[in-house]
Amino acid sequence: MGAVLDRDDLIKQLTGMLNTLTALDLPHGDLVVPAIGLDPATMISYRRVNVPSNTATYGFGQADHIHVSPDEAIDYGSVIARPADVAAELVARLIADHRAATGVPCQNSSHLV
């Protein structure tokens with residue numbers, strides 16, 4: 001029924017990616033601008049990846065892609081020191097942008113984002 005977006009799982013995956021990237025001996029500046037996106041961003045359902053479900057909630061609109069627009073550079077040392085915080089901020093912005101583009105309602109339920 002489409003792709004699943006699990007906020008906690010996505011933060012965990014993105015944290016791992018940031019850790020991997022910062023562990024590589026790559027040239028970098030003092031400031032970086034991390035960015036993420038959904039491509040394609042259609043048929044996204046908000047739920048836990050490890051909980052089976054036969055239902056999904058979709059918005060009234062469609063978005064081919066959602067890319068979080070970088071709005072500020074952050075200190076590279078912060079990415080190394082607090083990758084989970086950086087990941088959580090990026091994921092929160094991604095979800096907000098996706099919800100705004102598609103009209104998926106915010107849920108307070110613990111099984112949804």
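This note sets out points on the fold, confidence and selected contacts of a predicted model.

1. Overall composition. The protein chain holds 3 helices and 6 strands. Read from the N terminus, its elements follow the order β-α-β-β-β-β-β-α-α. Of the 113 residues in the chain, 29% are buried. Among contacts with a separation of 6 or more, 83% join residues that stand 24 or more positions apart.

2. Confidence. The model is predicted, and the mean pLDDT of the protein chain is 78. A pLDDT of 70 or more is reached by 65% of the residues. Among the elements, helix α2 has the highest mean value, 95, whereas strand β4 (residues 44–46) has the lowest, 67. Over residues 108–113 the pLDDT is below 50. That stretch nevertheless has 14 contacts in the model beyond near neighbours in sequence.

3. Helix pair α1 and α3, geometry. Two packed helices are described by the angle between their axes and the distance between the axes. Helix α1 covers residues 7–23 and helix α3 covers residues 83–102. Their axes come within 8 Å and cross at roughly 130 degrees. Angles from 65 to 115 degrees count as roughly perpendicular and those over 145 as roughly antiparallel; α1 and α3 are therefore oblique to each other. The crossing of the two helices is right-handed.

4. Helix pair α1 and α3, residues. On the α1 side, the contact is made by Arg7, Leu10, Ile11, Leu14, Thr15, Leu18 and Asn19. On the α3 side, the partners are Pro83, Ala84, Val86, Ala87, Ala88, Leu90, Val91, Leu94 and Ile95. By class, the residues of this contact divide into 13 nonpolar, 2 polar and 1 charged.

5. Ser78. This residue is placed in helix α2, which spans residues 76–81. Is Ser78 buried or exposed? Its relative accessibility is 18%, and the cut-off for a buried residue is under 20%, so Ser78 counts as buried. Once residues up to four places away in sequence are set aside, Ser78 touches Pro83 and Val86. Both Pro83 and Val86 are also listed among the α3 residues that meet α1.

6. Tyr76. Helix α2 also contains Tyr76. With a relative accessible area of 13%, Tyr76 is buried. Which residues does Tyr76 contact, leaving aside its neighbours within four places in sequence? They are Leu21, Thr22, His28, Gly29, Asp30, Leu31 and Val32. For one of these, His28, the C-alpha to C-alpha distance from Tyr76 is 8.1 Å, although the two are 48 residues apart in sequence.

7. Val32. Strand β2 (residues 31–32) is the place of Val32. Apart from its neighbours within four places in sequence, Val32 is in contact with Glu72, Ala73, Ile74, Tyr76 and Val79. The contact with Tyr76 links Val32 to the residue discussed in the preceding point. The C-alpha atoms of Val32 and Asp75 are separated by 6.4 Å, while the two residues lie 43 residues apart along the chain.

8. His67. Strand β5 (residues 66–67) includes His67. A relative accessible area of 45% falls between the limits of 20% and 50%, so His67 is partly exposed. Beyond its neighbours within four places in sequence, His67 is in contact with Ile36, Gly37, Leu38, Asp39 and Asp97. Asp97 falls within the residue range of helix α3, 83–102.

9. Asp39. In contrast to His67, which belongs to a strand, Asp39 lies in the loop between β3 (37–38) and β4. Is Asp39 buried or exposed? Its relative accessibility is 56%, and the cut-off for an exposed residue is over 50%, so Asp39 counts as exposed. Asp39 and His67 are 28 residues apart in sequence, and their C-alpha atoms are 8.1 Å apart in space. Asp39 is also one of the residues in contact with His67.

Key
Residues numbered from 1 in each chain as written. Predicted model: local features only at pLDDT ≥ 70, side-chain atom pairs only at ≥ 80, totals over all residues. Heavy atoms only, no water. Axes fitted to C-alpha atoms, helices over the stretch in contact; angles between N-to-C directions. Helix = DSSP H or I, 4+ residues; strand = E, 2+ residues; numbered from the N terminus. Parallel < 35°, antiparallel > 145°, perpendicular 65-115°, else oblique. Left-handed = near helix turned anticlockwise from the far one by under 90°. Contact = heavy atoms within 4.5 Å. Nonpolar A, V, L, I, M, F, W, Y, C, P; charged D, E, K, R; others polar. Buried < 20%, exposed > 50% of the residue type's maximum accessible area, 1.4 Å probe, protein only. pLDDT = per-residue confidence, 0-100.
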